[in-house]
Amino acid sequence: MIDACELWAGGPVFRQDAGAKLSTDSVLLADFVKLHGAERGIDLGCGAGILSLLLLCSSEKLHMTGLELREEAAALARENLARNGFGERSEILTGDIREHRSLFAHGSFHLAVANPPYFPAGSGASSPDPARAGAREERDCTLPELCAAAAFLLPTGGRFCLVHRPERLAEMLMCMRESGLEPKRMRFVSARADAAPSLVLVEGRRGGRPGLIVEPPLILQDAEGRESGEVRRIYHRKEGIRNRE
């Protein structure tokens, strides 16, 4: 385990899971999500609970459920949420996303979010650590299975938001549409204005009409290698930090 730290000065305290460390991806996804008054949300594959924690910080109405396969990570998510005063507005269940129909009723949530593994199983070298390998590869839930779960758990009009890699964008949009989740909003993330996107944030709506809005790209660094103003806003920082690479 990794010692608890503040996500920003005076902000929520979070203890990381050594098997799946806190990433910028989850923080950017939480900022991308538009709650639209949602009262019930679910984080599919919640890990140590960072997405649920950040979303609960953004809304006093929201109740978050986390579904996590690994009991160790689920226990840590419960601890993180309770530590920040969200124990009564959250629950963490240990279970398999693929068994969603036996765990929840259809249309149980207004919002579903996910920061899933980015790579198909067997694509590239695997970590000998099962937790790290599971965070990287689709060993326990594929992209089509994830989209099918989100579609089942949402009512008509419910929103599914996820972060993924641009090289799988075509597959992701196809899986969403085939599951009844119409892609409605998308934003690319790039390290610099002159760099190709490294991430893509997507929102789909259950039973939505066709029509996709592509938002301006999120740029992480300015021309001098410092954090962009938007990153500073997301991380509640007053001054940019120069990239040390």
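Reader: Which glycine follows helix 7, and what is the sign of its phi?

Author: Glycine 180 comes after helix 7, and its phi is positive, near 90°. Keep in mind that this is a predicted model.

Reader: Which residues of helix 7 are buried?

Author: Helix 7 spans residues 169-178, and its buried residues are Leu169, Met172, Cys175 and Met176.

Reader: What puts these residues on the same side of helix 7?

Author: Look at the arc around the axis. The buried residues cover only 130° of it, so they lie on the same side of helix 7. The face turned away from that buried side carries exposed residues: Ala170, Arg177 and Glu178.

Reader: What covers the buried residues of helix 7?

Author: The cover includes helix 6 (143-153) and strand 7 (159-164). Strand 8 (181-190) and strand 9 (199-206) are also part of it.

Reader: Why is histidine 36 called exposed?

Author: Exposed means over 50% relative accessible area. Histidine 36 has 54%, so it is exposed. Its place is in the loop between helix 1 (24-32) and strand 3 (40-44).

Reader: Why is histidine 236 called partly exposed?

Author: The partly exposed class lies between the buried limit of 20% and the exposed limit of 50%. Histidine 236 has a relative accessibility of 48%, so it counts as partly exposed. You will find histidine 236 in the segment after helix 8 (229-234).

Reader: What makes the phi values of these histidines worth a look?

Author: Most residues other than glycine have a negative phi. Histidine 36 has a positive phi, near 50°. Histidine 236 has a positive one too, about 55°.

Reader: Why is the pair of phenylalanine 104 and phenylalanine 109 called edge-to-face?

Author: Take the distance, then the angle. Ring centres must lie within 6.5 Å to pair, and planes over 60 degrees apart count as edge-to-face. Here the centres are 5.3 Å apart and the planes are at 75°, which makes an edge-to-face pair. By this rule the count is one aromatic pair. Both phenylalanine 104 and phenylalanine 109 are buried.

Reader: How do you know that arginine 185 is within the distance limit for a charge over a ring?

Author: The limit is 6 Å from the ring centre. Arginine 185 lies over the face of phenylalanine 32, at 3.9 Å from the ring centre, so the distance fits.

Reader: How many helices and strands does the chain have?

Author: The chain has eight helices and eleven strands. Of its 245 residues, 48% are buried.

Technical notes: Residues are numbered from 1 along each chain as its sequence is written. This is a predicted model: local features need pLDDT of at least 70, side-chain atom pairs count only at pLDDT 80 or more; totals for chains, interfaces and linings use all residues. Side-chain values use heavy atoms; hydrogens and water are left out. Buried means under 20% relative accessible area, exposed over 50%, partly exposed in between (1.4 Å probe, protein chains only). Helices (H or I, at least four residues) and strands (E, at least two) are DSSP runs, numbered from the N terminus. The arc is that of the directions from the helix axis to the C-beta atoms. Contact means heavy atoms within 4.5 Å. Rings of Phe, Tyr and Trp (its six-membered ring) pair if their centres lie within 6.5 Å; planes under 30 degrees apart count as stacked, over 60 as edge-to-face and the rest as tilted. A charge sits over a ring if NZ of Lys or CZ of Arg is within 6 Å of the ring centre and within 35 degrees of the ring normal.
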